[in-house]
Amino acid sequence: MEITGLQSKIHDEARQGEAYAPFALDANTYKKYFYIESYGCQMNFNDSEIVASILNKEGFGATKNFEEADLIFINTCSVREKAEQTVRKRLTEFRKVKESKPGMLVGVLGCMAERLKSKFLEEEKLVDIVVGPDAYRSLPALIEEAETGQKAVNVLLSREETYADISPIRLDSNGVTAFVSIMRGCNNMCSFCVVPFTRGRERSRDVDSIIAEVTDLYNRGFKEVTLLGQNVDSYYWVNEQTNEPVTFAMLLEKVALISPELRVRFSTSHPKDITDEVLYTIAKYENICNYIHLPVQSGSTRILQLMNRTYTREWYMAKVNRIKEIIPDCAISADIISGFCTETEEDHQDTLSVMEHSQYDFSYMFFYSERPGTLAAKKYKDDVPLETKKRRLAEIVEMQNKLSSISNQKDVGKTFKVLIEGNSKKSDEYWMGRNSQNKVIVFPKENYSLKKGDYVQVKVNSCTQATLLGEIIEA
Ligand code: SAH
Ligand code: SF4
Ligand code: F3S
């Protein structure tokens, strides 16, 4: 975790260091074993599940223990410098294992592979395979090539690839919640952001393959899906036979109709693209969760312009008002960056006041980290001193802590429908679940015979800044 370790909720790198053993291993079933570790956003985690599926078809099994693996993969993130440093450090740990295990291969996947391409192989001598986010289908061939002692690289970006036909193997799954990618890439070109360069052009996935995947998840007992994309509100798919277009609002409705027992979430919405139609669809279906992640980035119109976010402070605040008007109990969270190029104290105050206006339930907060090749790196000077960025970030975090406390205090005394995700971290005698607003609620199991994946009515009795504490009212 970076200095954004100050953040009240950790966005990316949240599950860093976790590795997966997705299925029971039968020693005789697999020819080789792979280990995969993921960093970055939810889409990267879902991509690792796609990679696991591709490798599994080729007869590779997953292992949770990298020392046992024939292949080590690290699925990387480039969004901030710190994310890349974390990966580099991890690679030095893998080097030690590789030195004692001749023949073991190390592959770098994801956004850092795409950003650095074959330069990676010069910089990191232990790396054998470099694969960008659109080239995972070529992994079996690249592994074969690397096994002959050559370095293997494929960083081609695609305008079509959505891995629509691949059923991801659910890694480290709780069996209740799952991610489903509905699009890839991003065309937005926010000036600070490396994602359009690492993930390529935006493209939407075939609607039928999305519905088939979600239906299959539901039939296998999953109770919640999160539809993923860098910019889900610009989802757009045209059925070739009927010529009928499917917008994001229509997709949401189709997914919600699979079953009222299946919760639907989505991430991320760009404020410029979220339509009233989407908001009315959320309001119409009880199983579409009342929670919108609406990254603001900055509260200053001047900075927003430099960031190429295409909205003003006023426009954003009006959007927040509209959400609360159409979905009164909707929770809203944001991403916020402190210390972007030329940011003044006044700009910073504007950010704090937008936060207050929006009453965010939580936020993911970062200080600006210049990324090579982005528009901001080319056009503007990274001129806010690091200490100032960090101090402003600390003030943003302090503001968010205040807002999170207010938001949680308001929930005390209320009763929510909670989907049980598993045991609470602190004790097996407690369940942990979420309400529609995406807040974590912990409550004693008592004598009810409930299991994960069940819905239960929970009354909130108290709260901390991060968690609601409650009791079962009705099972
Ligand atoms: N597509 C999503 C999120 C992309 S990355 C969206 O548009 O909201 C997640 C978050 O990382 C961004 O919202 C932004 O707040 C942060 N981020 C991206 N680039 C950054 C940079 N160069 N420095 C600091 N934070 C950055
Ligand atoms: Fe990056 Fe902006 Fe695209 Fe989000 S919308 S991925 S911040 S360019
Ligand atoms: Fe990181 Fe790439 Fe996601 S840069 S945030 S892993 S799209």
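Visitor: What does it take for a residue to be near a molecule?

Guide: A residue is near a molecule or strand if one of its heavy atoms lies within 4 Å of it. Here, 16 residues are around ligand 1, and those that come nearest are Gln230, Pro295, Gln297, Asp335 and Ser369. Before we go on, note that this is a predicted model, in which local features need pLDDT of at least 70 and side-chain atom pairs count only at pLDDT 80 or more, while totals for chains, interfaces and linings use all residues. Residues are numbered from 1 along each chain as its sequence is written, chains are lettered from A and ligands numbered from 1 in the order in which they are written, and side-chain values use heavy atoms, with hydrogens and water left out.

Visitor: Which side chain has a polar atom 2.7 Å from an oxygen atom of ligand 1?

Guide: A polar contact is a pair of N or O atoms within 3.5 Å; within protein, one must be able to donate a hydrogen and the other to accept it, and residues adjacent in sequence count only if both atoms are side-chain atoms. The side chain you ask about belongs to Gln297. Arg80 also has a polar side-chain atom 3.1 Å from an oxygen atom of ligand 1. For Gln230, the partner is a nitrogen atom of ligand 1, at 2.8 Å.

Visitor: How many cavities of 30 Å³ or more does the structure hold?

Guide: Picture a 1 Å grid over the protein atoms alone: a cavity is a set of points where a 1.4 Å probe fits but cannot get out, a pocket is an open set with protein on both sides within 12 Å along at least five of seven lines, and lining residues have an atom within 4 Å of a point. Grid points are joined across faces, edges and corners, and a volume is the space filled by probe spheres set on the points. The structure holds 3 such cavities. The largest cavity has a volume of about 710 Å³. It is lined by 39 residues, and Val79, Cys193, Val195, Gln230 and Asp335 are the closest to its centre.

Visitor: Why does the largest cavity lie between two domains?

Guide: Domain bounds come from an automatic or database domain assignment. The largest cavity lies between domain 1 (32-154) and domain 2 (177-411) because both give residues to its lining.

Visitor: Which ligand takes the space of the largest cavity, with Cys41 and Asn44 among the residues around the ligand?

Guide: A molecule sits in a cavity or pocket if more than half of its atoms lie within 2 Å of its grid points. Ligand 3 takes the space of the largest cavity, and the residues around ligand 3 include Cys41, Asn44, Thr76, Arg199 and Gln230. Domain 1 (32-154) and domain 2 (177-411) each give at least three residues to that shell. Ligand 2 sits in the largest cavity too, and among the residues surrounding ligand 2 are Cys186, Met189, Gln230, His270 and Arg309.

Visitor: How do the residues around ligand 2 divide by class?

Guide: Ala, Val, Leu, Ile, Met, Phe, Trp, Tyr, Cys and Pro count as nonpolar, Asp, Glu, Lys and Arg as charged, and the others, Gly among them, as polar. The shell around ligand 2 has 7 nonpolar, 3 polar and 1 charged residues. For ligand 3, the shell has 5 nonpolar, 4 polar and 1 charged.

Visitor: How much space lies in the second largest pocket?

Guide: About 540 Å³. Its lining has 27 residues, of which Asp329, Cys330, Ala331, Phe416 and Gln437 are the closest to the centre.
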